Every structure is written in structure tokens, then in C-alpha cells.
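Reader: I am new to this structure and would like to go through it slowly, asking at each step what stands behind the words used. Could you show it to me before we start?

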There are 2 protein chains.
Amino acid sequence: MEIRVFAPASVANVGVGFDILGFALEAPGDEIVARFGNCRGVRIREITGTSRLPLEASKNTASFSAQALLDYLGKGELGIELDIHKKMPFGSGLGSSAASAVGGVFAVNALLGSPLSRRQMLPFAVLGEQIADGAYHADNVAPSLLGGMVLIRDNRELDIIELPVPDELYAAVVYPEMEVLTQASRGILSPEVPLANCISQTGNLGGFIAGLYRSDYALLGRTLRDHIIEPQRAGLIPSFPAVKAQALASQALGCSISGAGPSVFALFLGKEAAQKGGDGMQEVFKKAGMLSTVFISRVGANGAHLLPNP
Amino acid sequence: MEIRVFAPASVANVGVGFDILGFALEAPGDEIVARFGNCRGVRIREITGTSRLPLEASKNTASFSAQALLDYLGKGELGIELDIHKKMPFGSGLGSSAASAVGGVFAVNALLGSPLSRRQMLPFAVLGEQIADGAYHADNVAPSLLGGMVLIRDNRELDIIELPVPDELYAAVVYPEMEVLTQASRGILSPEVPLANCISQTGNLGGFIAGLYRSDYALLGRTLRDHIIEPQRAGLIPSFPAVKAQALASQALGCSISGAGPSVFALFLGKEAAQKGGDGMQEVFKKAGMLSTVFISRVGANGAHLLPNP
């Protein structure tokens, strides 16, 4: 028996919710295959799509999180093989390591007959991501696992609130071919925030969440603003101001940095607007000499799910 | 013809929403009476309940805001007399000046046949409150005028979002007989917030708003926490830590400072719990030698409204 899982990329921070908001994308994502094998615990059989991930099970986010799940279930010695098909870029700000961690946990849980719910799987995936970027936080893992837009009320407690997403809310995510390391991107952040900016940010976050509940696209547009993190990180992404200006000129509700960057996301009312807006953003990168890839997705995309066997 | 209006007190900040959240109380509040008179513009005929408010129309929040409304309507010379019956304490952190400003605008608008909606009246009431405390902000004015729980997404733009309130959400507000001046209470605040606290606050605010939409009392309880302002202001209110501890021991969902203080509010599931909790909080103040008054109110209380003529 073989289990094939798709675990999606995700957009963390979402401009207005640094470290506390994230949403899943329909694509890209990782594919993880799990089967029983003649080994002790979780082993990685192969990794495709990259040469940069460790095959050693204790150092790989997918196998580490899967092993943590096995251990929790008292089945730590059970032999399971994983294949990891990395189908998304690294260091892109799209939650690559989170997708692997989620995929590993989800696949092994499914292989065992799904003893745990998605919510119950969450801590193991977060542990897995932690070995990749050092922080215990769920703003990519939770959306990749649960789907849709997710509020991480508290990362330590993993107090996760799934938010409603208006049907016609679409994202254009543009990944320029460069790499920003999360730790470096965090390192430049000031440890202090002006109180006035904190007030603005709370007002905008509150309005953004109300906008999701009300399906109020105009309110989402007024509130998708980041006065704290984006100004500090914008300089890491060449042409960011021009790309954002292009998005807003294309009727984006808002535009900011995905996770730690360099991907840039913008939200739109409707798929067509997102496609057109994304193309325009890509064009701006191109004029600046940067290749990029555009992903268009419903914001209310599904979380990790089984794929049919080929 | 005489118009009698009740304009309620309100709880601003609500722990988790400094400068951006507020809710109306059923009581206390101001009563304002408006009638046409032989004067030019708005005049104050009498003020009861206090000797501390200016009778001079340009210096009194109720008449100032009412005059601003008249001017906007092109009827600045119309003679209107106001009686102000101050039925709530000053400097209590319960929005006394906001209630007067709202009452003045609401009464005059009603006297003129209600040409403006509540939302349209809002800027004039905010202007009125501004002459009392110097700041242009709506976190008391908006709930006093609109009722219920209100998010002030942006004070400058007066982008106001009315939030749903679960039916059984009640507040106990305890006013200890001392005075804290808003400006002094603002003056002690650090102009910088640690980024980590800003993240906690946004997570809690987001969860609190989701809790209102979901009628999720447990979530409201987990999120009604203030790591930024309350620690800085708690020292202004003698016995605050003991009063808060008593509230939480009485099953309060949360407890914090109302506005700039010294009133302390706690939220409860159900009126009975609020009454019992409020009594316990009052008892703690009493043991510390402080007289206090308890107000119990639905959080979803009505905003300013007409009273029957006596």
C-alpha cells in the first residue's frame, strides 16, 4: 500500500498578521509518498526536485515530523519509507519546509488509518518545521495542514482559529528567482515597534478579520496594510515598491510580502483579476531583469490531502 | 417641543484593543434635553449633577458638538437650548465627555427631525469630545452613539466597524471613587512596544474578534488579555491586581482597565455571573478602603436613544 499526499505552499504573515496569519495555496506544494518498509522508524527513500534536502531522517523536516507522530502513537519502531517530491522553491517565503513537514505527518497518519485528526497532527508538523528554521511557529504549517485562512492566536499554545474566507477572494503570488533566508529576514527586524504603529496594525488586523466574516472585500482592501514589517523588509526584494504599485494599480485589494520573502502576494476580488494582476507583477520583475513564477489560487484553498495513486 | 436623550457611558480599549475597541453600557450615562430657544446657535440652559462643566457653549462638549452639527447643516444661527444632566462620574474611564458629546449631537439632530444617520453624526461627536481631552478618537464616542461593541479601524478616517456581540456577554464595571486624568494616563505610556508583545496583542485581538463572530465565550476568555497597556497603567489604580484576581476567580472571561481608568471592567458569561463578579470586585476595593460603584450591563447595549418626556 502506498499513500500519496499533496501538502500545499502557504502565505504567512499576510501583511497585517505578522507571525499570526497564514493561508494555503492551491499550488505549488510538495508531494509525499509513504509506504511500510523494512526499516526501523521513518526513513527517506528518495528525494526528487532538489539536491538540497538531507536524506538523513533526523534532519529532514518530513521524516522528523513523521517520526514524532509515530513516537507519540507508541509505534516509533514501525518501518516507514517516505519519498519526497519537492515541487516548490526553497527560501521563497512560501512555506516550503512547512509543506514538507505537513506532508510527512499527513502521509504517515493516513498510512496508519488516520488515527489523528488534522488538529491533532498539528504539533508534530510544527516540530518538524522547527528543525528547518529554528522557530516553533505555525503560521505556515497550520494553513498547509488545515487549509484556508488561519489565525494563530498563540504559537506556543498552538491556539489555532480557522477563519472564513469569502468565495471570490483570490491571491496572486509572484516568486522572483532569488532566495531570502527566513532567519536573515527576521534578523533585520527592530525588536521595538512604535506604539502608534502597533495601534494601526491592531486596527487593521481587527478590520481584516471582520472583513473575512462579513465577506466585505472593500474592508479587506482598506485593512490589508503592514506598517510594521513590510517597510523593514521591502529592501530585501529588488523592485518590491514597483511590483506593489503595479498590483494596486491592477485593483489588488492589497499587496505585501509573503512570509519572509522574496515572494510577493496580492489579494483580489475574483480569479480573473488575480490572473491579470499577477501577470502585471511578473512583468515588473521582468523589466528589472528578474525571472519569476506566478501562482494564482483561491484563498480558501484546501489543506493537505490525499492524491490518487498513479 | 422638547427632546430628551440618553447617551450611555462606554468602556474603551477593552484590554485587547487599545484605542480601537469600545462598547456601550446600559448605564450610567448622560441625559440631554434639547429645545428651540431665543438665542443664536446652541446655548446651555442648565447643567445638573456636577459643578465642573463649563456653561460656555464653545467650551462644553455637548454644545460644541451640537453647534458643529448645526453649522454643517447650514443652520448655525438656529437657537437651541440644552440641559445637561450629568449622571455619571468624571475622569472615571467610562467616557463621560464622549457621552455628553454624543447626547448633544443626538438630541439636536432629533430636534431637527433626524436629518442625519447615526454614522453621519459621528464626526461631530468626535469633534466635541476632542475639546475635552484633546485627542481626535472615537473609541468612546462610537460605542456611545452606535451601541454594542465597535472597532475603530482608524481614528483619523473614522472607519468604524460594528461587531456582533454574543447575547449572554455581560460586563461588570467597577468605578472606584478616585480620578485618573486621561492625559496623565496616556503620558506614562512608553512610545515603543516590544515586537513580541505586539505579536501577542494582534493574536489576541484577532482571536477576540473571531470569538465575537463565533459567540465563542471560551475564545473570548483566552484572548481578553493586555500585555501592552495594562502593565503600564495598573499602578495608577490601587488594588488593581487584587480586584482583577477576584474577577478571574469569579469566572470572569477576562478583566482589565476601562479606558484610561480608574474603572475596572470584567466580562462574564451571563448576567448573574457578572453581578456576582462585580460584587466581589467591589468588596476588594472596600477592603482596601475605597468606595466604589458597580454597573452591570449587557455588552450589546443600545447606543444613544430618545427618552420619553416626563
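Author: Helix α10 of chain B, residues 271-287, lies across β7, β10 and β11 of chain B and runs at about 20° to β7(B). The model is a predicted one, and the values in this conversation are to be read in that light.

Reader: What makes you say that helix α9 of chain B lies across strands, and at what angle does α9(B) run to β10(B)?

Author: Two residues are in contact if their C-beta atoms, placed from the backbone, lie within 7 Å. On that footing helix α9 of chain B, residues 240-249, lies across β7, β9 and β10 of chain B, and its direction is at about 5° to β10(B).

Reader: Why is the sheet of β9, β10, β7 and β11 in chain B called open, and which strands stand at its edges?

Author: The order of the four strands is β9-β10-β7-β11 in chain B, with antiparallel pairing. Because β9 (254-257) and β11 (292-298) of chain B each have a single partner strand, one side of each is left without a neighbour in the sheet, and these two stand at the edges. Neighbouring strands of this sheet are turned by 20° against each other on average, with direction ignored.

Reader: How do you know that β7 and β10 of chain B are paired, and how many bridges join them?

Author: Two strands pair if at least two bridges are found between them. Strand β7 (residues 169-176) and strand β10 (residues 264-269) of chain B are joined by six bridges and run antiparallel, so by that cut-off they count as a pair. As one example of a partner, L169(B) has L269(B) as its bridge partner in β10(B).

Reader: What joins β8 of chain A to β8 of chain B?

Author: Strand β8 of chain A, residues 192-194, is joined to β8(B) by three bridges, and the two run antiparallel; with at least two bridges required, they therefore qualify as paired strands. Within this pairing P194(A) stands opposite E192(B) in β8(B).

Reader: Which elements form the side of chain B that touches chain A?

Author: The contact takes 32 residues from chain B and 32 residues from chain A. On the side of chain B, the elements that give two or more residues are β5 (149-154), β6 (159-163), β8 (192-194), α6 (195-214) and α7 (217-223), and α6(B) gives the most, with 13 residues. By class, that side of chain B has 17 nonpolar, nine polar and six charged residues.

Reader: Why is the relation between chain A and chain B called a two-fold axis?

Author: A rotation of 180° with 0.0 Å of shift along its axis superposes chain B on chain A, with an RMSD of 0.0 Å, and that is the relation of a two-fold axis. The same surface serves both copies, since 100% of the contact residues of chain B recur in chain A.

Reader: How is chain A divided into domains, and what does domain 1 bring to the contact with domain 2?

Author: Domain 1 of chain A covers 2-164 and domain 2 covers 169-298, and their C-alpha centres lie 24 Å apart. The contact takes 24 residues from domain 1 and 35 residues from domain 2 of chain A. On the side of domain 1, β1 (2-12) and β2 (21-36) of chain A are the elements that give two or more residues, and the largest share, four residues, comes from β2(A).

Reader: Which strands pair with β2 of chain A?

Author: Among them is β1(A), which pairs with β2(A) in the antiparallel sense over 10 bridges, and here E2(A) has R35(A) as its bridge partner in β2(A). Strand β4 of chain A, residues 80-85, pairs with β2(A) in the antiparallel sense over six bridges, while β5 of chain A, residues 149-154, is joined to β2(A) by three bridges, also antiparallel.

Reader: What handedness does the β-α-β unit of chain A have?

Author: Strand β3 (residues 42-48) of chain A is joined to β4(A) by six bridges, and the two run parallel. Together with helix α1 of chain A, residues 61-72, β3(A) and β4(A) make a left-handed β-α-β unit.

Technical notes. Residues numbered from 1 in each chain as written. Chains lettered and ligands numbered in written order. Predicted model: local features only at pLDDT ≥ 70, side-chain atom pairs only at ≥ 80, totals over all residues. Domains from an automatic or database assignment. Axes fitted to C-alpha atoms, helices over the stretch in contact; angles between N-to-C directions. Nonpolar A, V, L, I, M, F, W, Y, C, P; charged D, E, K, R; others polar. Least-squares fit on C-alpha atoms with pLDDT ≥ 70 in both. Right-handed = clockwise from strand over helix to strand, strands pointing away.
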